[in-house]
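The exercises below concern the interior spaces, sheets, helix packing and backbone geometry of one protein chain. Each task is followed by a solution in steps.

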Amino acid sequence: MHPYEDATRPVDERVEDLLSRMTPEEKAGQLFHSMLMMNPDGTPVTDTDGSMLPLTTPDLIEDRRLTHFNLLGTYGAREMALWHNAIQEMAAGTRLGIPVSLSTDPRHAFTDNIGASFNAGAFSAWPEALGLAAVGDPELVLAFADTVRREYLSVGFRTALHPQIDLATEPRWARQSGTFGSDAKLTGELVRAYVHGLQGESLGKDSVAAMVKHFPGGGPQKDGEDPHFPHGKEQVYPGGMREHHLEPFRHAIAAGCSQMMPYYGQPIGTDWEEVGFGFNQGVITGLLREELGFTGIVCTDWGLLTDSSIFGEPHAARAWGVEHLSVAERTAKALDAGVDQFGGEQCPEVIVELMASGRIPEARVDASVRRLLREKFLLGLFDERRYVDPDEAAETVGRADFTAAGAAAQRRSLTVLTDGPLPLSGRPKLYVENVDPAVAAAYGEVVADPAAADLAVLRLRTPYEERPNLFESFFHSGSLAFAEPGLTRILGLLAAVPTVVCVNLERPAVLPEIAERAAALIADFGASDEALLDVAFGRAKAEGRLPFELPRSMAAVEAARPDVPNDTADPVFAHGHGLDLAL
């Protein structure tokens, strides 16, 4: 037995022993956090058509010596556990047997975007992070994160690619549903609870490491466009609020978050170098490491180095500000900036070449590998936590008490903007749109014609502009206003029958006409039909308060400063608005 395999030895001693035995190729493999998919039956993918993933699982683990992966797609709990064990077996068969660290984007709510989050599927379903912010209760967030931890542990996820603590200050930005809204103070309180729920007081064998994102705050995107895409790469601070966006990250670091992800954005018009944050030495080393004292792992956002194909469509590397550099030069610049790991990439040969040429000293690579290995040891991956129990996974994921807690949180997060006839009583004749009629039938007599109804219940979503690129179509951007002919149709229904309107606010909708004419208006941030109707009929209490303001017009949105919270003129509903219904 080598010293690194001896669980009785101190972690730092084990790390140094293992590091001393690694080849340059094995070290380089640790610096990549790539993507995997699995077959539905729980077996690893051993062939690929290249439309999503260019390499197979054996290619990455056995040939390229990668040991950090995030799983794409939704699957059954038992199958995920079986798959996790299979790839751990594959890793155990390599020369040094370094275990795999498996990560995931959020999986406990309603958004399904392969580039950002997955719907709950087998896991317990909770409101989006915006909904947790609408409740504003750190104890709820602690309970949520602890549930996430237990469900993740059971299937083998040991790193959460969340929480996302950007401030929602640009109303058009696509990523707001994953944030805690526009309030920096509240976000700071909630991220402390979130990190403690995932990691505990310190990182250990029962922890899930928290990769907090997106440093130094991704909210102030020019025109609200998303920096996954070239037209969204610019991040701007016309209101001078740069320090304000850092406040939640100070709390995350104080809570002991294990990892940090810099954003794609390229800062414009500041004293920072105008390159994406993953290449930005002043931001990563100067600010994050030296000023804020962060000592954990820095992993870039996905796809900064190489061009890729997503859904069979070409996408340029998100190397904003350094597009002119070669892949090797980009890699060296990011390492010089202070990153430890490259998300969504799998080119260790580039780092081997950089070490061989002397451009990057091996000692610099060792510093990052040391951090990455240390976390594996702390999480117990070399010892009792290497494998999971598929039976336990099937029993734990979506467990009845977890599901009930998520359902209760959905109800709490609903936000009553205008109440009108609420709470409802009796069994009215109900006309419903975008509501399951079978669910509504438990609350009233469902009718097919609004003219025959006593009341209508209409569920809507925040509008967005269609984008032609398939991957970009998942990132809802552009106008927030209800457009014609849809708006006229909605207003016609509101005129024909008293209507309870519920709008899913993945972004702040522009809805002055709907707000004026709806019998009652409710905001949701991820809630089932049952949750909505329970609140409408007074069977559950809605506690939500708006986590951002709702603008009056797109002109007001366009005139607002993207780094300033709640900056639109004369909003329809202010940040923090919400009514209490008598039960």
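**Exercise 1. Enclosed cavities**

How many cavities of 30 Å³ or more does the structure hold? For each, describe the volume and the lining.

*Solution.* The model is a predicted one.

Step 1. The count of cavities of 30 Å³ or more is 2.

Step 2. The largest cavity contains about 70 Å³ of space. Its lining comprises 14 residues, and those nearest the centre are Ala168, Thr169, Pro171, Glu549 and Asn566. By class, the lining of the largest cavity has 7 nonpolar, 4 polar and 3 charged residues.

Step 3. For the second largest cavity, the volume is about 50 Å³. Its lining is formed by His33, His68, Ser101, Thr159, Gln259, Ile297, Gln341, Leu372, Glu375 and Lys376. Helix α12 (residues 362–378) gives the largest share of this lining, 3 residues. The class division here is 2 nonpolar, 6 polar and 2 charged.

**Exercise 2. The parallel sheet**

In what order do the 8 strands of the parallel open sheet run, and which strands stand at its edges? Then locate two residues of the second cavity lining in this sheet.

*Solution.*

Step 1. The order of the strands is β9-β7-β5-β4-β3-β2-β1-β12, with parallel pairing in an open sheet.

Step 2. The edge strands are β9 (297–298) and β12 (342–343); each has a single partner strand, so one side of each lacks a neighbour in the sheet.

Step 3. Within the sheet, β2 (residues 68–71) pairs with β3 (residues 101–104) in the parallel sense, over 3 bridges. In this pair, His68 stands opposite Ser101 of β3. Both His68 and Ser101 are among the residues that line the second largest cavity.

**Exercise 3. The mixed sheet**

Which strands stand at the edges of the 6-stranded open sheet, and what sense of pairing joins β17 and β18?

*Solution.*

Step 1. The order in this sheet is β13-β18-β17-β16-β14-β15, and the pairing is mixed.

Step 2. β13 (415–418) and β15 (445–446) are the edge strands; each pairs with a single partner, so one side of each is left without a neighbour in the sheet.

Step 3. Strand β17 (residues 499–504) and strand β18 (residues 520–524) are paired in the parallel sense over 5 bridges. Cys502 stands opposite Ile522 in β18.

**Exercise 4. Packing of two helices**

At what angle do α6 and α14 pack, and is their crossing left-handed or right-handed? List the residues that meet.

*Solution.*

Step 1. Helix α6 (residues 138–155) packs with helix α14 (residues 400–413) at an angle of about 145°, and the axes are 11 Å apart.

Step 2. The crossing of α6 with α14 is left-handed.

Step 3. From α6, the residues Leu140, Thr147, Arg150 and Glu151 meet Phe402, Ala409 and Arg412 of α14. The contact divides by class into 3 nonpolar, 1 polar and 3 charged residues.

**Exercise 5. Open pockets**

What volumes do the largest pocket and the second largest pocket have, and which elements contribute to their linings?

*Solution.*

Step 1. The volume of the largest pocket is about 730 Å³. It is lined by 43 residues, with Phe110, Thr111, Ser117, Glu128 and Ser177 closest to its centre.

Step 2. At least two residues of this lining come from each of α5 (129–135), α6 and β16 (455–461). The lining has 22 nonpolar, 12 polar and 9 charged residues.

Step 3. The second largest pocket has a volume of about 520 Å³. Of its 34 lining residues, Met35, Trp302, Ile310, Arg318 and Gly344 are closest to its centre.

Step 4. β5 (209–215) and β10 (308–310) each provide at least two residues of the lining of the second largest pocket, and β10 gives the largest share, 3 residues. The classes are 15 nonpolar, 12 polar and 7 charged.

**Exercise 6. Backbone geometry**

Where do the residues joined by cis peptide bonds lie, and what is the phi value of Arg65?

*Solution.*

Step 1. Lys213 and His214 are joined by a cis peptide bond with omega about 0°. His214 lies in strand β5.

Step 2. A cis peptide bond also joins Glu484 and Pro485, with omega about 5°. Pro485 is placed in the loop between β16 and α16 (486–496).

Step 3. Arg65, a residue other than glycine, has a positive phi near 65°. Its place is the loop between α3 (57–63) and β2.

Technical notes. Residues are numbered from 1 along each chain as its sequence is written. This is a predicted model: local features need pLDDT of at least 70, side-chain atom pairs count only at pLDDT 80 or more; totals for chains, interfaces and linings use all residues. Side-chain values use heavy atoms; hydrogens and water are left out. On a 1 Å grid over the protein atoms alone, a cavity is a set of points where a 1.4 Å probe fits but cannot get out, and a pocket is an open set with protein on both sides within 12 Å along at least five of seven lines; lining residues have an atom within 4 Å of a point. Grid points are joined across faces, edges and corners, and a volume is the space filled by probe spheres set on the points. Ala, Val, Leu, Ile, Met, Phe, Trp, Tyr, Cys and Pro count as nonpolar, Asp, Glu, Lys and Arg as charged, and the others, Gly among them, as polar. Helices (H or I, at least four residues) and strands (E, at least two) are DSSP runs, numbered from the N terminus. Two strands pair if DSSP finds at least two bridges between them. Axes are lines fitted to C-alpha atoms, for helices over the stretch in contact, and angles run from 0 to 180 degrees between N-to-C directions. A crossing is left-handed if the near helix is turned anticlockwise from the far one by less than a right angle, and right-handed if clockwise. Contact means heavy atoms within 4.5 Å.
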